[in-house]
Amino acid sequence: MPTFSEPQLVQLPLEAVTRATAFADAVTSTVNYRDSNQIIKKKIRDDHFVSKLGEEAVRFVFEQRDCAVEGPDYTIYSGKGKSWDADLRINALDVAVKTQRRSAAKRYGLSWTFQDSPERRDPILDMPEAWVCLVVYEDLKEGHECLVYPLRKIKQ
């Protein structure tokens, strides 16, 4: 698969931001994160918005390299319809995408979070060979810019 070794800067088009906004607005009322003590709707909405921006940025980077990309998925699933499926499929390869705001990185350090609690555990943590693409949403700048890091395996 055509990949890259240095982080790639992506300026997201307005259409991608609009899709991410609509998704975040629609999905917020369908999730329940009480088991992780997250009940603030504004925070839940923002997490979904930022994650979709990251997925859009990864899609853009790989489509520019002539890869076949499936996703992001903008379907609103309810209850048991929600899953831990990969965020994107790039040339038939399942890829998880994790995105962090630059403002959070400044405050807490550059890192990405996977769900790991007795109530909910991201199954990718048990798949050391699974692929992930890490993204920073540059929210301290004007516009909607993302820094997309090269693919890596969970074990890395």
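The legends below describe close-up views of a predicted model.

**View 1. Strand E5 and the strands that pair with it.**
Strand E5 covers residues 131-137, and because six of its seven residues are buried, the strand is largely enclosed by the rest of the structure. Strand E4, residues 93-101, pairs with E5 in the parallel sense over seven bridges, and within this pairing Gln 100 has Val 136 of E5 as its bridge partner. Strand E6, residues 145-148, is joined to E5 in the antiparallel sense by three bridges, with Leu 147 of E6 as the bridge partner of Val 136. Val 136 is thus a bridge partner of Gln 100 and also of Leu 147. Strand E7, residues 152-153, runs antiparallel to E5 and is joined to it by two bridges; here the bridge partner of Val 132 is Arg 152 in E7.

**View 2. The largest nonpolar core and a second, separate one.**
In soluble globular proteins, nonpolar side chains tend to be buried together. The largest nonpolar core of this model holds 25 residues, and those with the most contacts inside it are Leu 12, Phe 49, Leu 53, Val 58, Phe 62, Ile 90 and Val 148. Two or more residues are given to this core by each of helix H1 (14-27), helix H2 (41-63), strand E3 (88-90), E4, E5 and E6, and the largest share, seven residues, comes from H2. A second core, separate from this one, has eight residues, among them Ala 96, Val 132, Leu 134 and Val 136.

**View 3. Leu 12 and Phe 49 in the largest core.**
Leu 12 lies in the loop between strand E1 (8-11) and H1, and its relative accessibility of 7% means that Leu 12 counts as buried. When neighbours within four places in sequence are left aside, Leu 12 is in contact with Val 17, Leu 53, Glu 56, Ala 57, His 144 and Cys 146. Phe 49, with residues up to four places away in sequence not counted, touches Val 17, Ala 20, Thr 21, Ala 24, Tyr 137 and His 144. Leu 12 and Phe 49 are separated by 37 residues in sequence and, from C-alpha to C-alpha, by 13 Å in space. Arg 45 lies over the face of Phe 49, at 5.4 Å from the ring centre.

**View 4. The surroundings of Arg 59 in helix H2.**
Arg 59 is found in helix H2 and, with a relative accessible area of 16%, is buried, since the cut-off for that class is under 20%. Not counting residues up to four places away in sequence, Arg 59 touches Arg 19, Val 69, Gly 71, Pro 72 and Leu 88.

**View 5. Aromatic pairs, with a charge over one of their rings.**
The count of aromatic pairs in the model comes to four. One of them, formed by Phe 23 and Tyr 74, is edge-to-face, with 5.8 Å from centre to centre and 80° between the planes. Because Phe 23 lies in helix H1 and Tyr 74 in the loop between strand E2 (69-70) and E3, this pair ties together parts that are 51 residues apart in sequence. Phe 23 counts as buried at 9% relative accessibility, whereas Tyr 74 counts as partly exposed at 24%. The pair of Trp 112 and Tyr 149 is edge-to-face, with 5.8 Å from centre to centre and 70° between the planes. This pair links distant parts of the chain, with Trp 112 in the loop between helix H3 (102-108) and E5 and Tyr 149 in the loop between E6 and E7, 37 residues apart. Tyr 149 counts as buried at 17% relative accessibility. In addition, Lys 52 lies over the face of Phe 23, at 4.6 Å from the ring centre.

**View 6. Cysteines without a disulfide.**
A disulfide is a covalent bond between the sulfur atoms of two cysteines. The count of disulfides in this model comes to zero. The closest cysteine sulfur to that of Cys 67 is in Cys 133 at 11 Å, which is too far for a bond, the cut-off being within 2.5 Å. For Cys 146 the closest cysteine sulfur is likewise in Cys 133 at 11 Å, too far for a bond. Cys 67 counts as buried at 8% relative accessibility, and Cys 146 is buried with a relative accessible area of 0%.

Technical notes: Residues numbered from 1 in each chain as written. Heavy atoms only, no water. Buried < 20%, exposed > 50% of the residue type's maximum accessible area, 1.4 Å probe, protein only. Helix = DSSP H or I, 4+ residues; strand = E, 2+ residues; numbered from the N terminus. Pairing = 2+ DSSP bridges. Core = buried A, V, L, I, M, F, W, Y, C linked by side-chain atoms within 4.5 Å. Contact = heavy atoms within 4.5 Å. Phe/Tyr/Trp six-rings, centres within 6.5 Å; stacked < 30°, edge-to-face > 60°. Lys NZ or Arg CZ within 6 Å of the ring centre and 35° of its normal.
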